[in-house]
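Q: Please walk me through one part of this model in close detail. Start with the charged side chains, and then go on to what lies around them.

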Amino acid sequence: QGQLVESEGGLVQAGGSLRLSCTASGRTFSRYAMGWFRQALGKEREFVAAIGWTGGSTYYGDSVKGRFTISRDNAKNTVYLQMNSLKHEDTAVYYCAAKEGGWDTSGALWSSWGQGTQVTVSS
(Lines give C-alpha, C1' and ligand atoms only; values in the text may rest on other atoms or scores of the structure.)
Protein backbone atom coordinates (compact mmCIF):
# COMPACT_ATOMS: atom_id res chain seq x y z
CA GLN A 1 0.00 0.00 0.00
CA GLY A 2 1.23 3.48 -0.80
CA GLN A 3 2.30 5.96 1.81
CA LEU A 4 2.02 9.74 1.84
CA VAL A 5 4.68 11.71 3.67
CA GLU A 6 4.14 15.39 4.40
CA SER A 7 6.68 18.11 4.91
CA GLU A 8 6.92 19.94 8.21
CA GLY A 9 4.48 22.72 8.85
CA GLY A 10 5.47 25.49 11.18
CA LEU A 11 4.67 28.78 12.83
CA VAL A 12 3.93 31.79 10.66
CA GLN A 13 2.56 35.22 11.43
CA ALA A 14 -0.77 36.39 10.07
CA GLY A 15 -0.45 37.56 6.48
CA GLY A 16 2.50 35.30 5.81
CA SER A 17 2.91 32.34 3.50
CA LEU A 18 3.83 28.70 3.80
CA ARG A 19 4.08 25.81 1.36
CA LEU A 20 3.34 22.23 2.28
CA SER A 21 4.34 19.23 0.23
CA CYS A 22 3.29 15.61 0.25
CA THR A 23 5.27 12.87 -1.45
CA ALA A 24 4.05 9.37 -2.23
CA SER A 25 6.24 6.34 -1.68
CA GLY A 26 5.70 2.67 -2.38
CA ARG A 27 3.07 3.39 -4.98
CA THR A 28 2.38 5.94 -7.68
CA PHE A 29 -0.65 8.17 -7.24
CA SER A 30 -0.39 9.75 -10.67
CA ARG A 31 -3.92 8.65 -11.61
CA TYR A 32 -5.47 9.52 -8.26
CA ALA A 33 -7.11 12.70 -7.18
CA MET A 34 -5.04 14.35 -4.47
CA GLY A 35 -6.29 16.62 -1.75
CA TRP A 36 -5.69 18.46 1.48
CA PHE A 37 -7.81 18.46 4.61
CA ARG A 38 -7.32 20.16 7.94
CA GLN A 39 -8.57 19.78 11.47
CA ALA A 40 -8.43 22.44 14.13
CA LEU A 41 -8.59 21.60 17.82
CA GLY A 42 -12.11 20.72 18.86
CA LYS A 43 -13.47 20.93 15.32
CA GLU A 44 -14.46 18.56 12.56
CA ARG A 45 -12.11 17.73 9.72
CA GLU A 46 -12.50 20.26 6.92
CA PHE A 47 -11.95 19.95 3.20
CA VAL A 48 -9.33 22.40 1.95
CA ALA A 49 -8.43 21.63 -1.67
CA ALA A 50 -8.28 18.90 -4.29
CA ILE A 51 -6.68 18.37 -7.67
CA GLY A 52 -7.48 15.90 -10.42
CA TRP A 53 -4.94 13.38 -11.63
CA THR A 54 -4.12 15.41 -14.73
CA GLY A 55 -3.49 18.50 -12.65
CA GLY A 56 -5.87 20.53 -14.78
CA SER A 57 -8.83 20.68 -12.39
CA THR A 58 -8.65 22.14 -8.91
CA TYR A 59 -11.23 22.64 -6.19
CA TYR A 60 -11.14 24.67 -2.98
CA GLY A 61 -13.10 25.08 0.16
CA ASP A 62 -14.81 28.43 0.48
CA SER A 63 -12.66 29.52 3.39
CA VAL A 64 -9.41 29.30 1.40
CA LYS A 65 -10.43 30.36 -2.10
CA GLY A 66 -8.17 33.05 -3.46
CA ARG A 67 -5.51 32.40 -0.83
CA PHE A 68 -4.44 28.75 -1.23
CA THR A 69 -3.24 26.97 -4.36
CA ILE A 70 -2.94 23.23 -4.85
CA SER A 71 -0.62 21.78 -7.47
CA ARG A 72 1.04 18.48 -8.28
CA ASP A 73 4.13 17.14 -9.98
CA ASN A 74 3.39 13.61 -11.07
CA ALA A 75 7.00 12.99 -12.10
CA LYS A 76 7.97 13.53 -8.47
CA ASN A 77 4.84 11.91 -7.02
CA THR A 78 4.30 15.08 -5.04
CA VAL A 79 1.39 17.38 -4.31
CA TYR A 80 1.78 20.89 -2.90
CA LEU A 81 -0.33 23.36 -1.02
CA GLN A 82 0.75 26.97 -1.28
CA MET A 83 -0.85 29.01 1.49
CA ASN A 84 -0.82 32.79 1.24
CA SER A 85 -2.39 35.54 3.32
CA LEU A 86 -2.61 33.19 6.25
CA LYS A 87 -5.08 33.91 9.02
CA HIS A 88 -5.28 32.77 12.61
CA GLU A 89 -8.31 30.70 11.60
CA ASP A 90 -6.05 28.61 9.34
CA THR A 91 -4.34 27.13 12.38
CA ALA A 92 -4.85 23.37 12.19
CA VAL A 93 -3.26 20.03 11.51
CA TYR A 94 -3.07 19.60 7.75
CA TYR A 95 -3.36 16.21 6.06
CA CYS A 96 -2.78 15.25 2.46
CA ALA A 97 -4.85 12.48 0.98
CA ALA A 98 -5.32 10.40 -2.15
CA LYS A 99 -8.44 8.99 -3.73
CA GLU A 100 -8.96 6.81 -6.76
CA GLY A 101 -11.34 8.43 -9.18
CA GLY A 102 -13.01 11.77 -8.55
CA TRP A 103 -12.42 14.00 -5.56
CA ASP A 104 -14.87 14.33 -2.71
CA THR A 105 -15.20 16.72 0.21
CA SER A 106 -15.90 13.86 2.61
CA GLY A 107 -12.66 12.63 4.12
CA ALA A 108 -14.16 9.22 4.79
CA LEU A 109 -14.05 8.45 1.07
CA TRP A 110 -10.30 9.01 0.67
CA SER A 111 -8.14 5.91 0.84
CA SER A 112 -4.63 7.10 1.75
CA TRP A 113 -3.54 9.76 4.23
CA GLY A 114 -0.43 11.55 5.29
CA GLN A 115 0.65 11.73 8.90
CA GLY A 116 -0.54 15.29 9.43
CA THR A 117 1.51 18.41 10.02
CA GLN A 118 0.83 21.33 12.33
CA VAL A 119 0.41 24.81 10.92
CA THR A 120 0.08 27.60 13.45
CA VAL A 121 -0.69 31.18 12.47
CA SER A 122 0.02 33.81 15.09
CA SER A 123 -1.53 37.26 15.31
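A: R38, E46, R67 and D90 are linked in a network of salt bridges. A salt bridge here is a side-chain nitrogen of Lys or Arg within 4 Å of a carboxyl oxygen of Asp or Glu. The model is predicted, so local features need pLDDT of at least 70 and side-chain atom pairs need pLDDT 80 or more, while totals for chains, interfaces and linings use all residues. Residues are numbered from 1 along each chain as its sequence is written, and side-chain values use heavy atoms, with hydrogens and water left out.

By the salt-bridge rule, the count comes to four. Take R38. Its side chain meets that of E46 in a salt bridge of 2.9 Å, N to O. R38 also forms a salt bridge with D90, where the closest N and O atoms are 2.9 Å apart. This second pair links distant parts of the chain. R38 is in strand β4, D90 is in the loop between β8 (78-83) and β9 (92-100), and 52 residues separate them. Strands are DSSP runs (E, at least two residues), numbered from the N terminus.

How hidden are these residues? Buried means under 20% relative accessible area, exposed means over 50%, and partly exposed lies in between (1.4 Å probe, protein chains only). R38 has 4% relative accessibility, so R38 counts as buried. D90 is buried too, because its relative accessible area is 1%. E46 has 30%, so E46 counts as partly exposed.

Outside that list of four residues, D62 forms a salt bridge with K65, with the closest N and O atoms 3.0 Å apart. D62 counts as exposed, because its relative accessibility is 64%.

Now look at the open space beside R38. R38 and E46 are among the residues that line the largest pocket. The others are A40, K43, E44, H88, E89, T91 and A92. A pocket is found on a 1 Å grid over the protein atoms alone, as an open set of points with protein on both sides within 12 Å along at least five of seven lines; a cavity is a set of points where a 1.4 Å probe fits but cannot get out, and lining residues have an atom within 4 Å of a point. Grid points are joined across faces, edges and corners, and a volume is the space filled by probe spheres set on the points. The largest pocket holds about 170 Å³ of space. Its lining divides into two nonpolar, two polar and five charged residues. For these classes, Ala, Val, Leu, Ile, Met, Phe, Trp, Tyr, Cys and Pro count as nonpolar, Asp, Glu, Lys and Arg as charged, and the others, Gly among them, as polar.

There is one cavity of 30 Å³ or more. The largest cavity has a volume of about 70 Å³. Its lining has four nonpolar, four polar and two charged residues. R72 and D73 are among the residues that line it, along with A24, F29 and M34. β7 (68-73) and β8 each supply at least two residues of this lining.

Back to strand β4, and to aromatic rings. Rings of Phe, Tyr and Trp (its six-membered ring) pair if their centres lie within 6.5 Å; planes under 30 degrees apart count as stacked, over 60 as edge-to-face and the rest as tilted. This rule gives six aromatic pairs. In one of them, the rings of F37 and W113 have centres 5.1 Å apart and planes at 55 degrees, so the pair is tilted. F37 is in strand β4 (residues 32-39) and W113 is in strand β10 (residues 112-113), 76 residues apart. F37 is buried, because its relative accessibility is 1%. W113 is at 26%, so W113 counts as partly exposed. Ring pairs link both into a cluster with F47, Y59, Y95, W103 and W110.

Finally, the nonpolar cores. A nonpolar core is a set of buried Ala, Val, Leu, Ile, Met, Phe, Trp, Tyr and Cys residues joined through side-chain atoms within 4.5 Å. The largest has 26 residues, and W36, L81, M83 and Y94 have the most contacts inside it. β4 is one of the strands that supply at least two residues each to this core, as are β8 and β9. A second, separate core of six residues includes A33, F37, A50 and W110.

G35 is also in strand β4. G35 counts as buried, because its relative accessibility is 0%. Its C-alpha atom lies 4.0 Å from that of A50, though the two are 15 residues apart in sequence.

Terms used:
Helices (H or I, at least four residues) and strands (E, at least two) are DSSP runs, numbered from the N terminus.
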